[in-house]
Amino acid sequence: MTRYIRTDEDGRITEVRAEQPDGDDWIEISELAYLSDAAPDGHKAIRYYKPEAAEPEDGWGIESETIGKVFVDA
């Protein structure tokens with residue numbers, strides 16, 4: 001099972017789709033667990049496509065090979 005993502009210039013994931021969209025600006029992702037909005041209590045997750053993102057100073061809150069998440073206060 002895969003998903004398709006679109007990102008901002010900084011690598012932040014802005015859209016996720018289950019069906020393959022038209023256009024060549026979508027990235028295919030198979031690491032679905034890292035695409036969830038899950039975050040620790042009182043926080044929200046911001047998801048990034050790592051090949052297009054700079055690693056945060058404090059590192060990733062959680063990461064896979066291609067997806068990085070940071071957690072910020074909700």
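Me: Does S64 count as buried or exposed?
Reply: This is a predicted model, in which local features need pLDDT of at least 70, side-chain atom pairs count only at pLDDT 80 or more, and totals for chains, interfaces and linings use all residues. Residues are numbered from 1 along each chain as its sequence is written, and side-chain values use heavy atoms, without hydrogens or water. S64 has a relative accessibility of 11%, and the cut-offs are under 20% for buried, over 50% for exposed and partly exposed in between (1.4 Å probe, protein chains only). S64 therefore counts as buried.

Me: Where in the chain is S64 found, and which residues does S64 touch beyond four places in sequence?
Reply: S64 is found in the loop between β5 and β6; strands here are DSSP runs of E with at least two residues, helices are runs of H or I with at least four, and both are numbered from the N terminus. A contact means heavy atoms within 4.5 Å. Leaving out residues up to four places away, the ones S64 touches are E31, Y34 and K50.

Me: How many residues does the hairpin between β5 and β6 pass through?
Reply: Strands pair if DSSP finds at least two bridges between them, and 2 bridges join the antiparallel β5 and β6. One of the matched positions is I62, which stands opposite K69 in β6. The hairpin that joins β5 to β6 does so through 3 residues.

Me: Which strands stand at the edges of the sheet that holds β4, β5 and β6?
Reply: This open sheet has 3 strands, ordered β4-β6-β5, and its pairing is antiparallel. Each edge strand has a single partner strand, so one side of it is left without a neighbour in the sheet. The edge strands are β4 and β5 (62–63).

Me: Over how many bridges do β4 and β6 pair?
Reply: β6 covers residues 67–73 and pairs with β4 in the antiparallel sense. You can find K44 opposite V72 in β6, while Y48 has G68 as its bridge partner in β6. The pairing of β4 and β6 runs over 7 bridges.

Me: Why does Y49 count as buried, and what is its relative accessibility?
Reply: Y49 is found in strand β4, which spans residues 43–49. Residues up to four places away aside, Y49 touches I5, T7, G11, I13, I27, I29 and T66. Y49 counts as buried because its relative accessibility is 15%.

Me: How far apart are the C-alpha atoms of Y49 and G68?
Reply: Along the chain, Y49 and G68 are 19 residues apart. In the model, their C-alpha atoms are separated by 6.4 Å.

Me: How many residues make up the largest nonpolar core?
Reply: A nonpolar core is a set of buried Ala, Val, Leu, Ile, Met, Phe, Trp, Tyr and Cys residues joined through side-chain atoms within 4.5 Å. The largest one takes in I5, I13, I27, I29, L35, Y49 and I67. A second, separate core of 5 residues includes I46, A53, W60 and V70. The residue count of the largest core is 7.

Me: In the other sheet, which strands stand at the edges?
Reply: Here too there are 3 strands in an open sheet, with the order β2-β1-β3 and antiparallel pairing. Each edge strand has a single partner, so one of its sides has no neighbour in the sheet. The edge strands are β2 (13–17) and β3 (27–29).

Me: Over how many bridges does β1 pair with β3?
Reply: β1 is made of residues 3–7, and it pairs with β3 in the antiparallel sense. One bridge to look for links Y4 with its partner E28 in β3. In total, β1 and β3 pair over 3 bridges.

Me: Which residue takes a positive phi in the hairpin of β1 and β2?
Reply: β1 and β2 are antiparallel and pair over 4 bridges, and R6 has E15 as its bridge partner in β2. Between the two strands of this hairpin lie 5 residues. The one with a positive phi, near 95°, is G11.

Me: What is the radius of gyration of the protein chain?
Reply: The protein chain has 0 helices and 6 strands. For its 74 residues, the globule rule (2.2 Å times the number of residues to the power 0.38, with the radius taken over C-alpha atoms) gives 11 Å. The chain's value is close to that, so it is as compact as a globular protein of that length. The radius of gyration is 12 Å.

Me: What share of the protein chain's residues counts as buried?
Reply: The C-alpha atoms fill a box of roughly 35 × 25 × 20 Å along the principal axes. Of the 74 residues, the share that counts as buried is 34%.
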